[in-house]
Amino acid sequence: MKKTLIVAAVAASFATAANAQSSVTLYGLIDAGFTYVNNEAASNVAKGSAAAFRLSSGNINGSRWGLRGTEDLGGGMKAIFTLESGFSMGDGSAGQGPAKTVANPNPSGREFGRQAFAGISTAQFGTVTLGRQYDSVVDYLAPMTATGSWGGTYFAHPFDNDNADNSFRVNNSVKYQSANYSGFTFGGLYGFSNQAGGFGNNRAYSAGAQYANGPFKIAAAYLQLQNPTTNAGGAVNDEAGAANTVSNLVQNPVQTQRTYGVGANYAIGPVTVGGAWTQSRFQFAVGDSTARFNNYEVNARYALTPALALGAAYTYTDVKGYTTGSNNNDHMKFHQFGLQTDYSLSKRTDIYAEGIVQLGKQGAEAQVYGTNANSVHGNQVVVTTGIRHRF
């Protein structure tokens with residue numbers, strides 16, 4: 001009897017030790033509130049536009065839930081995975097659906113549309129993962145912008161043309177992220193087309209780096225997509241992606257998208273100031289033409305108290321070579337101003353209010369990213385307030 005108890009106790013000890021080396025975490029974020037948009041195109045009104053009042057989801061961060069796991073393999077090596085699903089608080093529908101096509105006008109959402117990957121991580125050499133993942137612009141450069149840090153969805157640059165608001169993910173991708181070498185980190189990603197006889201038909205690759213030294217951070221990144229709208233099983237097919245949006249607006253498929261930029265920020269006590277420049281070039285398949293978006297942003301955030309923060313950002317976007325409909329002007333400009341206040345009720349729950357104004361110049365039709373339609377009269381104003389809860 002004693003021997004049996006001893007064996008059971010030893011077995012239980014080994015099982016406890018094994019379990020202690022592995023973990024699975026359930027996590028999530030819920031963001032819901034109210035949004036007012038002053039000027040959206042509407043076919044059911046005489047003047048062609050109307051104001052909109054909405055209960056909205058994901059005003060700052062997309063609502064999501066996920067599972068994150070790790071297993072200690074010994075020698076400083078770990079197996080890791082993340083499965084993350086986005087959803088709408090308004091109707092409970094899944095987020096990050098595939099792009100609409102003629103054959104599939106109402107595509108269903110993905111089970112884990114935000115992220116789905118597994119891989120190996122080491123403290124010395126970094127992490128390699130496989131699956132549906134963020135590109136290097138999102139990982140390294142976006143945190144220098146308002147939309148990629150504290151501002152969220154409505155602070156994105158027009159059409160989210162540089163993907164700083166992660167409006168698309170890269171499927172079929174292998175990704176490397178380095179360890180932290182005295183503040184310097186870097187990485188890269190390659191997304192396969194997965195098509196027989198079409199290696200370059202909807203593939204993606206990116207690279208980026210960031211350096212942090214005390215209150216100062218600087219980052220740079222590059223992203224390239226090839227034929228991103230032509231192969232539904234390829235690297236990029238999210239409906240919200242800028243290549244898909246631009247292709248639909250100008251009725252000309254994007255053959256190549258190249259995005260690159262630099263950004264930096266500096267913390268001075270409770271104030272963090274920053275800036276970023278990005279350029280996105282969309283080369284079209286027909287006509288040998290290219291649309292170029294240059295985005296110049298400055299931003300600042302001030303923590304008045306540990307619970308209360310104020311943020312402001314301004315972006316000037318210069319567009320050349322982009323025309324749509326009856327607009328034959330190939331040089332348009334956008335000015336976007338944003339303000340935000342955020343108050344933490346606890347470590348996991350906060351309330352916020354923000355306002356964004358976008359002005360379209362030289363024939364540009366303004367549309368704050370995240371709204372349902374473009375303006376008709378050259379400008380658009382968004383005012384939103386809501387609550388976020390993390391678990």
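## Strands, a helix and a buried arginine

Student: How many bridges join strand 14 to strand 15?
Tutor: Keep in mind that we're looking at a predicted model. Strand 14 covers residues 308–320 and strand 15 covers residues 331–344, and the two run antiparallel. One of the pairings puts V319 together with M332 of strand 15. Count up the bridges between these two strands and you get 13.

Student: What about the other neighbour: how many residues are in the hairpin that joins strand 15 to strand 16?
Tutor: Strand 16 takes in residues 349–361, and it runs antiparallel to strand 15, with 12 bridges between them. The chain gets from strand 15 to strand 16 by a hairpin, and the number of residues in it is 4.

Student: Which residue in strand 16 stands opposite H335?
Tutor: Strands 15 and 16 are antiparallel, so follow one up and the other down, bearing in mind that pairing takes at least two bridges. Across from H335, in strand 16, you'll find L359.

Student: Let's move to helix 3. Which strands are included in what covers its buried residues?
Tutor: Helix 3 spans residues 242–250, and its buried residues are A242, A243, N244, V246 and S247. Right after the helix comes Q251, with a positive phi near 55 degrees. The cover over those buried residues includes strand 11 (254–268) and strand 12 (271–284).

Student: Now R203. Where is the nearest side chain of opposite charge, and how far away is it?
Tutor: R203 sits in strand 9, which runs over residues 203–213, and it is buried. A salt bridge needs the charged atoms within 4 Å. R203 has none, as its nearest oppositely charged side chain belongs to D135, at a distance of 15 Å.

Student: Which side chain makes a polar contact of 2.8 Å with R203?
Tutor: Leaving aside residues up to four places away in sequence, R203 touches Y190, G191, S193, Q224, L225, Q226 and A235. The side chain of Y190 is joined to that of R203 by a polar contact of 3.1 Å. The contact of 2.8 Å goes to the side chain of Q226.

Student: Zooming out, what percentage of the protein chain's residues count as buried?
Tutor: The chain is built with 3 helices and 17 strands. About 18300 Å² of it is exposed, with carbon and sulfur atoms supplying 60% of that area. Out of 391 residues, the share that counts as buried is 43%.

Methods. Residues are numbered from 1 along each chain as its sequence is written. This is a predicted model: local features need pLDDT of at least 70, side-chain atom pairs count only at pLDDT 80 or more; totals for chains, interfaces and linings use all residues. Side-chain values use heavy atoms; hydrogens and water are left out. Buried means under 20% relative accessible area, exposed over 50%, partly exposed in between (1.4 Å probe, protein chains only). Lys and Arg count as positive and Asp and Glu as negative; His and the chain ends are not counted. A polar contact is a pair of N or O atoms within 3.5 Å; within protein, one must be able to donate a hydrogen and the other to accept it, and residues adjacent in sequence count only if both atoms are side-chain atoms. Contact means heavy atoms within 4.5 Å. Accessible areas come from the Shrake-Rupley method with a 1.4 Å probe; for residues, only the protein chains shown count as cover.
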